Amino acid sequence: MAVEEGRYRPDASVAPRRALLGWLHGIVWRKVGHHRKRAWVRREIPAADPWSVQPEPPRDDELLVEARERLLAVRLAVSRLPQRDRELLALCAVGDGFREIARMAGIPRSTAVRQVGRARRRLLGLLAR
């Protein structure tokens with residue numbers, strides 16, 4: 001259909017077979033990329049017999065321990081950040097936008113965007129440890 005509609009316009013300097021293969025490769029690449037970004041694909045768990053797999057619900061005490069460990073890790077990571085980064089991330093956490101942050105800090109908006117991004121990257125790096 002794309003050929004009939006004129007959407008397939010190969011480069012005349014490339015061999016026809018190679019041009020067609022390149023065009024088809026681009027289509028497949030995009031289709032696979034869109035397929036992999038779907039939510040149900042990202043959450044899929046492969047199993048030989050999917051109907052036999054029934055995950056056990058986590059016990060409440062396991063959830064509490066895991067939540068406490070995460071909270072401790074986040075608190076520790078935040079405490080290791082410089083004071084300026086903690087302040088910027090706190091302003092983001094309460095819902096302030098870049099304009100408000102820039103106005104409160106007395107800096108240009110673009111600088112606020114850059115500094116908040118840097119603070120987020122630092123926090124992510126600390127959490128990854």
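The protein contains 7 helices and 0 strands, and read along the sequence its elements follow the pattern α-α-α-α-α-α-α. The model is a predicted one, with an average pLDDT of 84 across the protein and with 87% of the residues scoring at least 70. Among the elements, helix α3 (residues 39-42) has the lowest mean pLDDT, at 58, whereas α7 has the highest, at 93. Where pLDDT is low, the predicted coordinates should not be read in detail.

Of the 129 residues in the protein, 17% are buried. The surface exposed by the protein amounts to about 11,300 Å², of which carbon and sulfur atoms supply 58%. When contacts between residues at least 6 apart in sequence are considered, 40% of them join residues at least 24 apart.

Helix α7 spans residues 109-128 and thus comprises 20 residues; the distance from its first C-alpha to its last is 28 Å, close to the 28 Å expected at 1.5 Å a residue. The buried residues of this helix are Thr111, Ala112, Gln115, Val116, Gly117, Ala119, Leu123 and Leu126, and the elements that cover them include α4 (60-79), α5 (83-93) and α6 (98-105). Gln115, which lies in helix α7, counts as buried because its relative accessibility is 16%, under the 20% cut-off. Apart from its neighbours within four places in sequence, Gln115 is in contact with Arg84, Leu88 and Ile107. Ala128, also found in helix α7, has a relative accessible area of 67% and is therefore classed as exposed, the cut-off being over 50%. The C-alpha atom of Ala128 is separated by 9.5 Å from that of Ala77, although the two residues are 51 residues apart along the chain.

The largest nonpolar core is made up of 7 residues, namely Leu88, Cys92, Ile101, Ala102, Ile107, Ala112 and Val116. Helices α5, α6 and α7 each supply at least two residues of this core. In soluble globular proteins, nonpolar side chains tend to be buried together. For Ile107, a member of this core, the contacts beyond neighbours within four places in sequence are with Arg84, Ala102, Ala112 and Gln115. Ile107 therefore touches two fellow members of the core, Ala102 and Ala112, through heavy atoms within 4.5 Å. A second, separate core of 6 residues includes Leu81, Leu89, Leu123 and Leu126; of these, Leu123 and Leu126 are among the buried residues of α7.

Aromatic pairing was also examined, and the count comes to 1 aromatic pair. This pair is formed by Tyr8 and Trp23, whose rings lie 4.5 Å apart centre to centre, with 45 degrees between the planes, and the arrangement is tilted. An angle of 45 degrees is classed in this way because it is neither under 30 degrees, as stacked planes would be, nor over 60, as edge-to-face planes would be. The pair links distant parts of the chain, since Tyr8 belongs to the loop between α1 (2-5) and α2 (16-36) and Trp23 to helix α2, the two being 15 residues apart. The partners fall on either side of the 20% cut-off for burial, so that Tyr8, with a relative accessible area of 18%, is buried, whereas Trp23, with a relative accessible area of 26%, is partly exposed.

Methods: Residues numbered from 1 in each chain as written. Predicted model: local features only at pLDDT ≥ 70, side-chain atom pairs only at ≥ 80, totals over all residues. Heavy atoms only, no water. Helix = DSSP H or I, 4+ residues; strand = E, 2+ residues; numbered from the N terminus. Expected span 1.5 Å × (residues − 1). Buried < 20%, exposed > 50% of the residue type's maximum accessible area, 1.4 Å probe, protein only. Phe/Tyr/Trp six-rings, centres within 6.5 Å; stacked < 30°, edge-to-face > 60°. Core = buried A, V, L, I, M, F, W, Y, C linked by side-chain atoms within 4.5 Å. Areas by Shrake-Rupley, 256 points an atom, 1.4 Å probe, with all protein chains shown as cover. pLDDT = per-residue confidence, 0-100.
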